[in-house]
Amino acid sequence: MSDPKPKLLIVEDDPGLQAQLKWAWPDFEVIQATDQAEAIAALRSEEPDVVTLDLGLPPDPDGTTVGFAVLDEIMALKPDTKVIVASGHGARESALNAIAKGAYDFYQKPVDIEALGLIVRRALQLRQIEAENQQLAARGTEDNRVLGRMITAAPEMLKVARTIERVSNTGVSVMLLGASGTGKELLARGLHDASDRSSGAFVAINCAAIPENLLESELFGHEKGAFTGAVKTTEGKIEQAGGGTLFLDEVGDIPLPLQVKLLRFLQERVIERIGSRSAIAVDTRIVCATHQNLEAMIAEGRFREDLFYRLAEIVVKIPSLAERPGDPALLAKAFLARFAKEMNPAVKGFSPDALSAIDAWKWPGNVRELENRVKRAVIMTDAKLVSAADLDLAGDEAEDANVLNLKSSREAADRKVIRHALARSEGNISNTAKLLGISRPTLYDLLKQYDLQA
């Protein structure tokens, strides 16, 4: 089966020129439109790779107003489309205006079919290259997903993911330890999805975000009339997660009296709603997380030691984003692709200075900070490439390396640069070697020497 022909949309109101252009390119599927409405309808339904657009369209055939309106709409709806603009009116001024608005190229009437054909084929070739790059980038992002959700290429996070995969079907309680914004809930969801409870509910509750006097009701539920405002019997989060997983975020914020009740549930697997003396058996797996030092809280008498050991049958420590070289750029590309599609399709990627700044930044707010910066930059930028200034990244933060030990400093620098290059080239050895300015055999030797994964 032969590949489908690329699509070319010709927006032209001159019937004679329409016919001439229609038969000029037999290797294209040619679609024609004579006015703004037809052009936009064809753009939506056919999604052409290339458009030739006459600026002099009705009801303003002697001007350029309608033509430029069509160009603006094409760029808003399908910014990847290559638009070649034609006009016989004020050619130089129209050309500059068209390119500024996003057109690929410009040609002046009367039309030279052969010259226009070269421009059309060059535009198609560029569009195909861009499409291939987008597919490769998307495939690379999928290849770097672990637990179905989390994007990473860092050995530190891959180790975390493998641990979670191993314990997912064991039923043990898992405690995730890590700074705010490191993706604890994402990992908890990944654990749930990988377990034999995946068909059940995943219920999450942030214990720090709920007032102390309401937290018990949120967790255990209440009977009608149990307190003022209890107008109906309500299930708590533990019951709602029956047969599934309950994720307790910021578990260190649970007050001591409630810790006793949670401990009883973990020991006996039964609960009592507020206002009831009836025990209800519930089969819910608990996964919890905190950024606090629970061992210090135990020593201070603020967290029960017996509850800690019930919740922390398996403890997983999540590295910060700064401890995952290469991941910031990988995640930033994924965030940009998502936010550009939703909010600003004209944005195509990051400038080199932005990628360098992303690699160099310490990310004190971790993945949440990175996501927010990329989202803000995509919304605010007027350019196709997001810059370091758009991200509001001032530059490198101070390194904490031991600068007095020359050998260890060099090794640390080598490791960091190699891993950044691997992430930038999405694991391609040839491209990584080119980025580093070394041969492939040398790169293989360094990967082996530093025990790095390609």
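Two helix axes count as oblique when their angle is neither under 35 degrees, nor over 145, nor in the range 65 to 115. In this predicted model, helices α13 and α15 cross at roughly 40°, and they are therefore oblique to each other. The structure holds 0 disulfides, and the cysteines covered here are Cys207 and Cys288.

**Helix pair α13 and α15**

- Two packed helices are described by the angle between their axes and the distance between the axes.
- Helix α13 spans residues 327-343 and helix α15 spans residues 366-380.
- Their axes come within 9 Å.
- The crossing of α13 past α15 is right-handed.
- On the α13 side, the contact is made by Pro328, Leu331, Ala332, Phe335, Leu336, Arg338, Phe339, Ala340 and Met343.
- On the α15 side, Val367, Leu370, Glu371, Val374, Lys375, Val378 and Ile379 take part.
- Sorted by class, the contact of α13 with α15 has 13 nonpolar and 3 charged residues, with no polar ones.
- Arg338 of α13 and Glu371 and Lys375 of α15 are in this contact, and they count as charged because Arg, Glu and Lys belong to that class.

**Cysteines**

- With 0 disulfides in the structure, Cys207 is in none, and its nearest cysteine sulfur, that of Cys288, is 8.9 Å away.
- Cys288 is likewise in no disulfide, and the nearest cysteine sulfur to it is that of Cys207.
- A disulfide requires the two sulfur atoms to be within 2.5 Å, so a separation of 8.9 Å does not qualify.
- Cys207 has 2% relative accessibility and therefore counts as buried.
- Cys288, at 0% relative accessibility, also counts as buried.

Terms used: Residues are numbered from 1 along each chain as its sequence is written. This is a predicted model: local features need pLDDT of at least 70, side-chain atom pairs count only at pLDDT 80 or more; totals for chains, interfaces and linings use all residues. Side-chain values use heavy atoms; hydrogens and water are left out. Buried means under 20% relative accessible area, exposed over 50%, partly exposed in between (1.4 Å probe, protein chains only). Axes are lines fitted to C-alpha atoms, for helices over the stretch in contact, and angles run from 0 to 180 degrees between N-to-C directions. Helices (H or I, at least four residues) and strands (E, at least two) are DSSP runs, numbered from the N terminus. A crossing is left-handed if the near helix is turned anticlockwise from the far one by less than a right angle, and right-handed if clockwise. Contact means heavy atoms within 4.5 Å.
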